[in-house]
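Work through the exercises below with the structure open beside the text. Each task is followed by a solution in steps.

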Amino acid sequence: MKRIFVTLFVLVVAFTVNAQQLKAYAIYDSEGNSVSFQKMSDSLSNYDVVLFGEFHDHPVVHWLQKKLTEKLYAKNTNLVLGAEMFEADNQLILDEYLQGKIPQSRFEEEMRLWNNYKTDYKPLIEFAKTNKLQFVATNVPRRYASAVSKKGLDSLKNYAEEAKSYFAKLPIKVDTITPGYAEMLKMMSGHGMQGDAMKFVEAQAIKDATMAEKILDYLPEDGIFLHYNGDYHSKSYGGIYWYLKEMNPDLKIAVISAEQSDDEALEFVPEKANTGNFILFIPEDFTRTY
């Protein structure tokens with residue numbers, strides 16, 4: 001009996017230790033030091049702009065986005081939200097919904113929403129609505145990004161003035177050695193797509209530059225602009241971050257970068273150092289939202 005008890009005790013301890021190693025997320029600073037969610041939230045409340053990089057279909061990231069939104073609002077009610085997932089030409093519809101001028105059904109019908117809107121982004125929109133916060137549709141309308149991918153940035157010069165209000169002011173500088181763009185060029189050239197590689201980078205640039213410009217347009221005085229975007233739009237301080245610094249070098253901007261890991265303990269990987277002010281490690285095999 002004593003031997004059975006000892007065996008059971010060992011099994012329980014072993015299970016408990018293994019269970020403790022399972023994590024839904026782990027947060028590290030840029031150098032790989034483990035930090036708590038609270039410590040990250042407190043630090044981010046001191047920035048002008050926070051760029052929260054995400055994997056679009058990962059529920060842990062979306063949950064943390066909502067929790068960070070709540071924490072930053074508790075610190076500073078002068079909070080403005082914005083997202084890549086909403087396009088600039090839909091700002092009026094978004095404003096009308098947040099102001100209670102149109103019903104939810106009309107808003108969801110007309111907004112060209114992503115297919116994971118209800119699970120992943122609706123909670124953020126509803127938080128803004130409940131707390132009367134501005135929510136900015138920062139992304140370039142996809143028809144213009146598509147045009148650039150086919151004909152290059154110069155093709156945007158021929159659009160009407162109203163159309164030009166939905167994307168960043170021309171000309172748009174494209175630095176091909178910045179983080180993200182250099183990798184895109186190398187990848188596409190390696191697949192024999194040299195002719196289209198630069199147009200592909202320019203299509204990415206029109207998105208990043210437009211999002212940066214919209215953030216500046218709505219930047220609150222003595223407040224925080226919290227922006228949700230795909231990780232590749234701000235990772236390693238490229239993309240949106242780079243354009244924001246080009247437009248306003250004095251801005252205090254923080255980047256949260258996301259990394260998927262197959263390590264149950266979500267230990268830090270040294271190669272990921274300096275990809276953001278804070279680096280969020282999340283399980284690769286987590287159930288997806290779509």
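Contact here means heavy atoms within 4.5 Å, and angles run from 0 to 180 degrees between N-to-C directions. The model is predicted.

**Exercise 1. Place helices α4 and α6 on the sheet.**

Task: Determine which strands α4 lies across, and at what angle α4 runs to β5. Do the corresponding job for α6 and β4.

Solution.
Step 1. Start with the sheet, which is open and has eight strands in the order β2-β1-β8-β7-β3-β6-β4-β5, with mixed pairing.
Step 2. Find its edges: β2 (34-35) and β5 (135-139) each pair on one side only.
Step 3. Helix α4 lies across β4 (79-87) and β5, and its direction makes about 165 degrees with β5.
Step 4. Helix α6 lies across β3 (49-54), β4, β5 and β6 (224-230), and runs at about 150 degrees to β4.

**Exercise 2. Classify the packing of α4 against α6.**

Task: Decide how α4 is oriented to α6, and sort the residues of their contact into nonpolar, polar and charged.

Solution.
Step 1. Helix α4 covers residues 91-98 and helix α6 residues 117-130; they pack at an angle of about 55 degrees, and their axes are 9 Å apart.
Step 2. Angles under 35 degrees count as roughly parallel and 65 to 115 as roughly perpendicular. The angle therefore makes α4 oblique to α6.
Step 3. On the α4 side the contact is made by Leu94, Tyr97 and Leu98; on the α6 side, by Ile125, Glu126, Ala128 and Lys129.
Step 4. Sorting these residues gives five nonpolar, no polar and two charged.

**Exercise 3. Read the pairing of β1 with β2.**

Task: State in which sense β1 and β2 pair, parallel or antiparallel, and find the bridge partner of Ile27 in β2.

Solution.
Step 1. Recall that strands of a sheet pair through backbone hydrogen bonds, either parallel or antiparallel.
Step 2. Strand β1 (residues 26-29) pairs with β2 in the antiparallel sense, over two bridges.
Step 3. Within β2, Val35 is the bridge partner of Ile27.

**Exercise 4. Analyse two aromatic pairs.**

Task: Work out the geometry of the pair Phe86 and Phe135 and of the pair Tyr144 and Phe167, then say which parts of the chain each one ties together.

Solution.
Step 1. The whole structure contains 15 aromatic pairs.
Step 2. In one of them, the ring centres of Phe86 and Phe135 are 5.5 Å apart and the planes stand at 90 degrees, an edge-to-face arrangement.
Step 3. Phe86 belongs to strand β4 and Phe135 to strand β5, so this pair ties together parts 49 residues apart in sequence.
Step 4. Both Phe86 and Phe135 are buried.
Step 5. For Tyr144 and Phe167 the centres are 5.4 Å apart and the planes are at 70 degrees; planes over 60 degrees apart count as edge-to-face, so this pair is edge-to-face.
Step 6. Tyr144 sits in helix α7 (residues 142-151), and Phe167 in the loop between α8 (161-164) and α9 (181-190), so the parts tied together are 23 residues apart in sequence.
Step 7. Tyr144 and Phe167 are buried as well.
Step 8. Ring pairs also build a cluster, made up of Phe86, Tyr97, Phe107, Tyr117, Phe135 and Tyr228.

**Exercise 5. Compare the settings of Gly53 and Pro249.**

Task: Is Gly53 buried or exposed, and is Pro249 buried or exposed?

Solution.
Step 1. Locate the residues: Gly53 is in strand β3, while Pro249 is in the loop between α11 (240-247) and β7 (253-261).
Step 2. Buried means under 20% relative accessible area and exposed over 50%. Gly53 has 0% and is therefore buried; Pro249 has 56% and is therefore exposed.
Step 3. Beyond four places away in sequence, Gly53 touches Val61, Asn229, Gly230, Asp231, Ser234, Ile256 and Ala258.
Step 4. Check C-alpha separations: Gly53 and Tyr228, 175 residues apart along the chain, are separated by 6.3 Å. Pro249 and Ser149, 100 residues apart along the chain, are separated by 29 Å.

**Exercise 6. Find backbone features in loops.**

Task: Locate the cis peptide bond from Leu170 to Pro171, and give the phi values of Arg112 and Asn274.

Solution.
Step 1. The Leu170 to Pro171 bond is cis, with omega near -5 degrees; Pro171 lies in the loop between α8 and α9.
Step 2. Arg112 is not a glycine, yet its phi is positive, at about 55 degrees. Arg112 is in the loop between α5 (104-110) and α6, and is partly exposed at 34% relative accessibility.
Step 3. Asn274 also has a positive phi, near 65 degrees. Asn274 lies in the loop between β7 and β8 (278-283) and, at 47% relative accessibility, is partly exposed.

How values were computed. Residues are numbered from 1 along each chain as its sequence is written. This is a predicted model: local features need pLDDT of at least 70, side-chain atom pairs count only at pLDDT 80 or more; totals for chains, interfaces and linings use all residues. Side-chain values use heavy atoms; hydrogens and water are left out. Helices (H or I, at least four residues) and strands (E, at least two) are DSSP runs, numbered from the N terminus. Angles under 35 degrees count as roughly parallel, over 145 as roughly antiparallel, 65 to 115 as roughly perpendicular and the rest as oblique. Ala, Val, Leu, Ile, Met, Phe, Trp, Tyr, Cys and Pro count as nonpolar, Asp, Glu, Lys and Arg as charged, and the others, Gly among them, as polar. Two strands pair if DSSP finds at least two bridges between them. Buried means under 20% relative accessible area, exposed over 50%, partly exposed in between (1.4 Å probe, protein chains only). Rings of Phe, Tyr and Trp (its six-membered ring) pair if their centres lie within 6.5 Å; planes under 30 degrees apart count as stacked, over 60 as edge-to-face and the rest as tilted.
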